[in-house]
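Hi everyone, thanks for coming. Have a look at the screen while I walk you through this one.

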Amino acid sequence: MKKYNVAVVGATGMVGRKFLEVLTERQLPVENYYLFASAKSAGSQIDFMGKKHTIIELAEKNIIDKNIDIALFSAGGDVSKEFAPIFAKHGILVVDNSSAWRRDENVPLVVPECNADDISWHKNIIANPNCSTIQAMVVLKPLHKAFKIKRVIYSTYQAVSGAGVKGFNDLKNGINGVAPQKFPQPIFGNCLPHIDVFMENGYTKEEDKMIFETKKILNDQDIKVTATCVRVPVYYGHSESINLEFEKPCTVEQVKEVLKNAEGVVLQDDIATALYPTPLSAENKDEVFVGRIRKDDTVESGINLWCVADNIRKGAATNAVQIAQKAIEIGAIKGKLN
């Protein structure tokens, strides 16, 4: 079996370290790993795969001599905009976790359980969707295939880890009354309907991301989508209340049957025993958990459901690693492009 050389860019960050954890578990056919970060972290060491790896400064001169095949990026949008094209021009497949490439029509936006076929047309950059979109797509794609979605209303309850280490620390330190450093208001004992920046239309960029990405991944611009995204005082795990209106009639039992057989979905729906998904039960797991499935009687064919996933694992690291795995499986490591 052919073995590949893999780079992790942003290896010292919260998602970068989760990349390393998931890679250790999944054991891809890899010859060498190269861990990149900023000049500030260069020279430090990380224990990974049973040995110490020295962090390499992210610079073109340190890329070209290593025969890298795949680069997993989680270093922020600005770094991705600068360095993803550098990796790509050297024939390296970039799987980017930032928002830098998600809206580019020449870049696939992929959730492997939903649209793995889109991997095949990449031009050495594939975008990892927004964490809140990823978990929704794992649930919505099989339902769209079965009943055709007309409209989606998202209400999200998103963990502080989605805002990185500073967001995580705002909750941790806020317990002791320390003023927030990341969020505009305290998050401990609070909920903030404010994720990313506000736009002129009153929506936040996070809400706009979910609207745009849902249509791109499902490859259906006719779906009506709206969203309200809220930061809540939870460390890990995004929760979403999703209201769906379908073109085809369906029952709760039919919806449950579709989801029970859907890839990457775990159905937890027994209200008699208080069985439903929660962030704590989803923490450090790769699946998307769904429950509280019930009819919406205000429309002809409507369903309400609740889904939860670990935003750092499935919502970032695992999804990116799954993309790399699938690219290897289908022979989509293309090398230098003309």
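So, which residue takes a positive phi just after α6? That's Asn219, with a phi of about 55°. I'll come back to α6 in a minute.

Some housekeeping before that. This is a predicted model, where local features need pLDDT of at least 70, side-chain atom pairs count only at pLDDT 80 or more, and totals for chains, interfaces and linings use all residues. Residues are numbered from 1 along each chain as its sequence is written, and side-chain values use heavy atoms, with hydrogens and water left out.

Okay, the overall picture. The protein chain has nine helices and 14 strands; those are DSSP runs numbered from the N terminus, with helices being H or I of at least four residues and strands being E of at least two. Along the principal axes, the C-alpha atoms fill a box of roughly 60 × 50 × 40 Å. The radius of gyration is 20 Å, which agrees with the value near 20 Å for a compact globule of 338 residues. That radius is taken over C-alpha atoms, and the globule rule is 2.2 Å times the number of residues to the power 0.38. Of the 338 residues, 54% are buried, where buried means under 20% relative accessible area, exposed means over 50%, and partly exposed is in between, using a 1.4 Å probe on protein chains only.

Now the sheets. Two strands count as paired if DSSP finds at least two bridges between them. One open sheet has six strands with parallel pairing, in the order β5-β2-β1-β6-β7-β8. At its edges are β5 (56–57) and β8 (125–127), each pairing on one side only. Inside that sheet, β6 (residues 70–73) and β7 pair in parallel over four bridges, and Leu72 has Val95 in β7 as its bridge partner.

Helices pack on this sheet too. Helix α1 (residues 14–26) touches β1 (4–9), β2 and β6, and its direction makes about 150° with that of β1. Contact here means heavy atoms within 4.5 Å. For the angles, axes are lines fitted to C-alpha atoms, for helices over the stretch in contact, and the values run from 0 to 180 degrees between N-to-C directions. Helix α2 (residues 77–89) lies across β1, β6, β7 and β8, at about 175° to β6.

After β7 (93–96) comes a loop leading to α3, and Asn97 is found in it. Is Asn97 buried or exposed? Asn97 counts as buried, because its relative accessibility is 14%. Beyond its neighbours within four places in sequence, Asn97 is in contact with Val15, Phe73, Ser74, Arg102, Asn128 and Ala316.

On to the other six-stranded sheet. This one is open with mixed pairing, in the order β10-β9-β11-β14-β13-β12. The edge strands are β10 (224–231) and β12 (265–267), each paired on one side only. On average, neighbouring strands of this sheet are turned by 25° against each other, direction ignored. You can see the mix at β9: it runs parallel to β10, joined by eight bridges, while β9 (residues 149–158) pairs with β11 (residues 238–246) in the antiparallel sense, over eight bridges. Ile153 stands opposite Thr226 in β10, and Ile149 stands opposite Phe246 in β11.

Back to α6, as promised. Helix α6 (residues 205–218) lies across β9, β10 and β11, at about 145° to β10. Eleven of its 14 residues are buried, including Met210, Ile211 and Leu218. What covers those buried residues includes α3 (112–115), α4, β9, β10 and β11. β10 is mostly covered as well, with six of its eight residues buried.

Last bit: cysteines. How many disulfides does the count come to? Zero, where a disulfide is a pair of cysteine sulfur atoms within 2.5 Å. Why not Cys114? Because its closest cysteine sulfur, in Cys307, is 11 Å away, too far for a bond. Cys250 is in no disulfide either, as the nearest cysteine sulfur, again that of Cys307, is 17 Å away. Both Cys114, at 9% relative accessibility, and Cys250, at 6% relative accessible area, are buried.

That's my tour, thanks for listening!
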